[in-house]
Amino acid sequence: MTTALVTGSTAGLGAAFARRLARDRHNLVLVARDGDALRRQAAELHDRHGIEATVLVADLATDEGIEAVERRLADPDRPVGLLVNNAGFGLRGRFLDVPMADELRMLRVHCEAVLRLTSAAAEAMRRRGRGGVINVASVAAFVPRGTYGASKAWVVQFTQGVARDLAGSGVRLLALCPGFVRTEFHQRAGMSTDNIPNWMWLEADRVVDAALQDLARGRSLSVPDARYKALLGVTKLVPRGALGAVSSRAGRKYGPRRPNGRTEGAGDDL
């Protein structure tokens, strides 16, 4: 069995990736900050699918957390065949209203952790001549959206650049760019999402299916659903200032929220 490592695995797209990969008979390394939630998830996936699911408690906003996952990815005795860099979070509020410490924490999780974990995984995969990395970004990468959109734009550019550099090595990389995804984030935060048009919602399982299909096809960018592909086409025609204003209002008002302002999964808001 191939082993897959999923960060931010306990909720949202991370949980959907874990379910799908377990169903496909991949052993799993589940990474998140909540040890109790991780152990429950690991037990459930083991009991349901008969796979080996191990847990790694790590906060990717800290150097210690990133290092712990780097070590696991580089372990030659326990190779990881697929890395899903899913952990991430959004911030509510406009630039200068959000504490700088929170902005820097976002950049560490969305950019530094993705850079370091991709490097650790890809190096080990290149030696074996095979492997894959999925970096979860967002359609917000293509519109002006403050630090969140800028960090996701970095993920897209970084992933596609590395995919070109490693072409022919057997290592595939994919930037996944969903829009609004139906997960438990919004319900757990007690937020109403009635004002988001139904057509903008995507199902997490379908997003995961699209990502794995596009990775298998050798693509470096995945925008799930024809509706969002069309929307991105429109972005080339609409003035960036107007588009950024709409995206900023929607994401900050309706994006996932927790008491500490962080989520375990990315890609759930435009």
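Contact here means heavy atoms within 4.5 Å, and in this predicted model leucine 21 touches, leaving aside residues up to four places away in sequence, Ala4, Val6, His26, Leu28, Leu82, Val84 and Leu212. Leu21 is also among the residues with the most contacts inside the largest nonpolar core, which has 41 residues, and it shares that standing with Phe17, Leu28, Leu30, Leu82, Val84 and Ile134. Apart from this core lies another, of 27 residues, whose members include Val29, Leu56, Ile66 and Ala122.

For the protein as a whole, buried residues make up 57% of the 270 residues, and of the contacts with a separation of 6 or more, 73% are between residues 24 or more positions apart. The secondary structure consists of 9 helices and 9 strands.

Of these strands, 7 form an open sheet with parallel pairing, in the order S3-S2-S1-S4-S5-S6-S9. Because strand S3 (53-57) and strand S9 (221-222) stand at the edges, each with a single partner strand, one side of each is left without a neighbour in the sheet. In general, strands of a sheet pair through backbone hydrogen bonds, in either a parallel or an antiparallel manner.

Towards the S3 edge, strand S2 (residues 27-32) pairs with S3 in the parallel sense over 5 bridges, and leucine 28, one of the core residues named above, stands opposite alanine 53 in S3. Between these two strands the chain passes from S2 through helix H2 (residues 35-49) to S3, making a β-α-β crossover that is right-handed.

Elsewhere in the sheet, strand S5 (residues 131-136) and strand S6 (residues 171-176) run parallel and are joined by 6 bridges, with valine 136 having leucine 176 as its bridge partner in S6. Helix H5 (residues 146-165) packs on the sheet, where it touches S5, S6 and S9, and its direction makes about 160° with that of S6.

Helix H3 (residues 63-74) offers a further view of the packing. Its 12 residues reach 16 Å from the first C-alpha to the last, which is close to the 16 Å expected at 1.5 Å a residue. Gly65, Ile66, Ala68, Val69, Glu70, Arg72 and Leu73 are buried in H3, and what covers the buried residues of this helix includes strand S1 (3-7), S2, S3, strand S4 (82-85) and helix H4 (100-128). Among the buried residues of H3, Ile66 is also a member of the core of 27 residues.

How values were computed
Residues are numbered from 1 along each chain as its sequence is written. This is a predicted model: local features need pLDDT of at least 70, side-chain atom pairs count only at pLDDT 80 or more; totals for chains, interfaces and linings use all residues. Side-chain values use heavy atoms; hydrogens and water are left out. Two strands pair if DSSP finds at least two bridges between them. Helices (H or I, at least four residues) and strands (E, at least two) are DSSP runs, numbered from the N terminus. Axes are lines fitted to C-alpha atoms, for helices over the stretch in contact, and angles run from 0 to 180 degrees between N-to-C directions. A crossover is right-handed if, with the strands pointing away from the viewer, the path from the first strand over the helix to the second runs clockwise. A nonpolar core is a set of buried Ala, Val, Leu, Ile, Met, Phe, Trp, Tyr and Cys residues joined through side-chain atoms within 4.5 Å. Buried means under 20% relative accessible area, exposed over 50%, partly exposed in between (1.4 Å probe, protein chains only). The expected span of a helix is 1.5 Å times one less than its number of residues.
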